[in-house]
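Please open the model in your viewer and get ready to select residues by number. We will make a few stops together.

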Amino acid sequence: MNPSFGQFAREKNSHFYTAVANLFIFLPHFFSVSTLLRTLFAPWKNISQKKESLGFSLNEWANRLSFNVISRLIGAGARATLIGGYLTLQVMFVLLLPALYIGFNMLLPIMYMLQSSQESEQQRLQNKRSAFIEAHSLTEQTKEAVGAWFDQLQQTSLYNRPWYDLKRLMNSPPLGRNFSAGYTPTLDKYVTELTLAFDHSKNLIAREKEIMQIEQILAKSNEANVVLVGPEGVGKHTVVEALAKRIFEGSSNPILAYKRILKVDMEKVLAQSTDQQTREKIMKDLFTEAAQAKNIIILIDEIDKYVSSEEGRIDLSSAINEFALHDKIQFIGITNPFNYEKYLFKNDKMNETFEKIDIGEVSKDQAQAILLGEIRQFERRNNVTIPYETVVECISKSDYYITNIPFPEKAIDLLDTACSTVRSQNKSIVTPQVITDLLEQKTHVPMEINDKLKTKLLDLEKSLASRVIAQTEATNKLAGALRKSFVIGKTRKKPLASFLFLGPTGVGKTETAKALASVFFDGPDKMIRFDMSMYQSNNNIPQLIGSSTTNEPGLLTQAIRQQPYGVLLLDEIEKADKNLLNIFLSLLDEGYFTDGFGKRVDCRNLMVIATSNAGADFVYSGATTSLIDHLVEKKLFNPEFLNRFDDVIIYKSLDGENIRILAKRMLDSISKEVLEKQGVTITVTDAFVEQLVTKGYNPKFGARNMARIIRDEVENKIAQSILAGTVKKGGTIAF
């Protein structure tokens, strides 16, 4: 229902009064009146002559005085002109205000009739809200959340505010922002000005604490420099952009008003020369120009590259430190925690002149808020619709499955890729399924229990039994634990599953791990295997987890990061150094361990299997007490380590009948391979199998000894017969 004319007139007049009041506040800001008055007689663009020679010369003094007076007069003239423009506009505005008010009220009847024939502003907003909710909700359950999302966008977007809104007016850059600053013609060739280089209507992340810390440090009278330290992708550059936005809008610390944040392209600067002294001179000349301008904040990305003389790095710390002490220029450096500790913290001068501010990873809720704020840009750029459920799915799935990149970058990158994928398919909606499919392609991790995965889980006992002989109890227990992990264990912060396989050598422990990789994870290439007997010393640990001293990534960390989904097999775990076992405690309990560079290595999508022959003699002795109790009693493993596994699975030694079955399988495998590759048929009698078993079976060595006998007695004879030509293609070798 439309309001009465009286209500309409009162509302519009209220808007008029607000607009007038806001314009009175805005115009002095827009013309930089306070700054121009404060610097009215300052030299124009800070151009002045200083005494450069010893002694007194009347002619030199007169020339210098006249030059400086002229510079100040030019500055005063330019600033007075702008102030005069403000006063003229302000006086005209005041004089015309009554006429504007009368004219505005005379137009009210026409405005009222136009509004009466159209939807009210409230109705238009409601219709817009309803359309937004309809487009961005896939289920009824999320409509309330989508409505709140729309309201938040309305509140934060300047474009949704009336033109006379004070914050929108203040978003316009002041005319006199550079009237009190010097020229930087050389520096401008190598920089990007962040205070002008991006869309200031964009709602940047809420990093109020960090931004306030930066402002407080930059506003100091000396050593006003900061270094932002955080992992890649955590949002360090966005924090600087947020600071630039505050300076641009005039909402920062007053001391930082009209400052320019300039991001220096260091590689472009250093490309001017390869000589170290020349490079230092170039940097000092640029910093001198910035200091003379008096309103420059220099941003150096990856500042650690320029404070060390190590190979691949350039030491410009003397030039940086010299000007970092200057009260006319400030520096912002950006680096990651590892490089900060290695290069900046150890540099006493850099550590004294730059204050460290840690930029941590945002929480899931903050990341979701950031992503929701970016959605309209994604939609306009890709001409797609992104429902609320897709954003939730993107945050949830990227949190669990992408662990080497922090929020918000990993969620933004994933959504960006999803939008590109949908656009390339000529579709218009980015559904949660798109996120799921992309992550499955990226990580090779099944995101949901589909029919194929259900079949594998239900038939796992059968699949394992076809590969592992006479260990039904062990494989059944293993299959049950895996089903539980996939169905109800997805939210836990641990590996997909973890098991300790105990038993004599050659009974099927390693074969079980291979079977899981082949059957369950679609191939033997999904198994990462490490022989822990090779890591029996504390000095071997860096080989596995990496070392910052040698700058080597580590074999284990590299293998897991390249293949984050599959089976991690740690053979003969009891032989590993005890300190290495402590690393595996963290892996089993928290789902990650820390490498030699201080970075997490995520293991939540691995099935971790450790094997051990410890206690084999105890098994052969036929003792009735628990093998686990025996291992703890003999201090081969401590309870803390054993309790970290989801289950400890004990393998029995193989008897003669099982060895016969195993021997037949080995021989069948050889026969099939020879027939496929050489076209020669292999026949084996039961008597020959019995002969092999009698000759090769030793319960202490299990299947491994049987495999050696078959290599010696069968494979060697086949190879000699084929090479000697005694059997041709299509022929038969009988045993």
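Two strands pair if DSSP finds at least two bridges between them. Strands (E, at least two residues) and helices (H or I, at least four) are DSSP runs, numbered from the N terminus. What you have open is a predicted model, in which local features need pLDDT of at least 70 and side-chain atom pairs count only at pLDDT 80 or more, while totals for chains, interfaces and linings use all residues. Residues are numbered from 1 along each chain as its sequence is written, and side-chain values use heavy atoms, with hydrogens and water left out.

**Stop one: strand β5**

Select residues 329-335, which form strand β5. Are they buried or exposed? In β5, 7 of 7 residues are buried, where buried means under 20% relative accessible area, exposed over 50%, and partly exposed in between (1.4 Å probe, protein chains only). Now show the side chains. In a regular strand they alternate between the two faces of the sheet. Here Ile329, Phe331, Gly333 and Thr335 point one way, while Gln330, Ile332 and Ile334 point the other way.

Next, add strand β2 (residues 226-229), which pairs with β5 in the parallel sense over 4 bridges. Look for Val229, which stands opposite Thr335 of β5.

Then add strand β4 (residues 296-301), which runs parallel to β5 and is joined to it by 6 bridges. Ile297 has Gln330 of β5 as its bridge partner. Follow the chain from β4 through helix α12 (residues 317-324) to β5: this β-α-β crossover is right-handed, meaning that, with the strands pointing away from you, the path from the first strand over the helix to the second runs clockwise.

**Stop two: Gln368**

Move to Gln368 in helix α15 (residues 364-382). Why does Gln368 count as buried? Because its relative accessibility is 18%. Leaving aside neighbours within four places in sequence, Gln368 is in contact (heavy atoms within 4.5 Å) with Tyr388, Val391, Val392 and Ile395.

**Stop three: Ile449**

Select Ile449, in the loop between α18 (432-443) and α19 (451-458). At 33% relative accessibility, Ile449 counts as partly exposed. Not counting residues up to four places away in sequence, Ile449 touches Lys454, Phe486 and Val487. For a distance to try in the viewer, pick the C-alpha atoms of Ile449 and Ser252: they are separated by 51 Å, and the two residues are 197 apart along the chain.

**Last stop: Trp61**

Finish at Trp61 in helix α3 (residues 58-106). Trp61 is partly exposed, with a relative accessible area of 38%.
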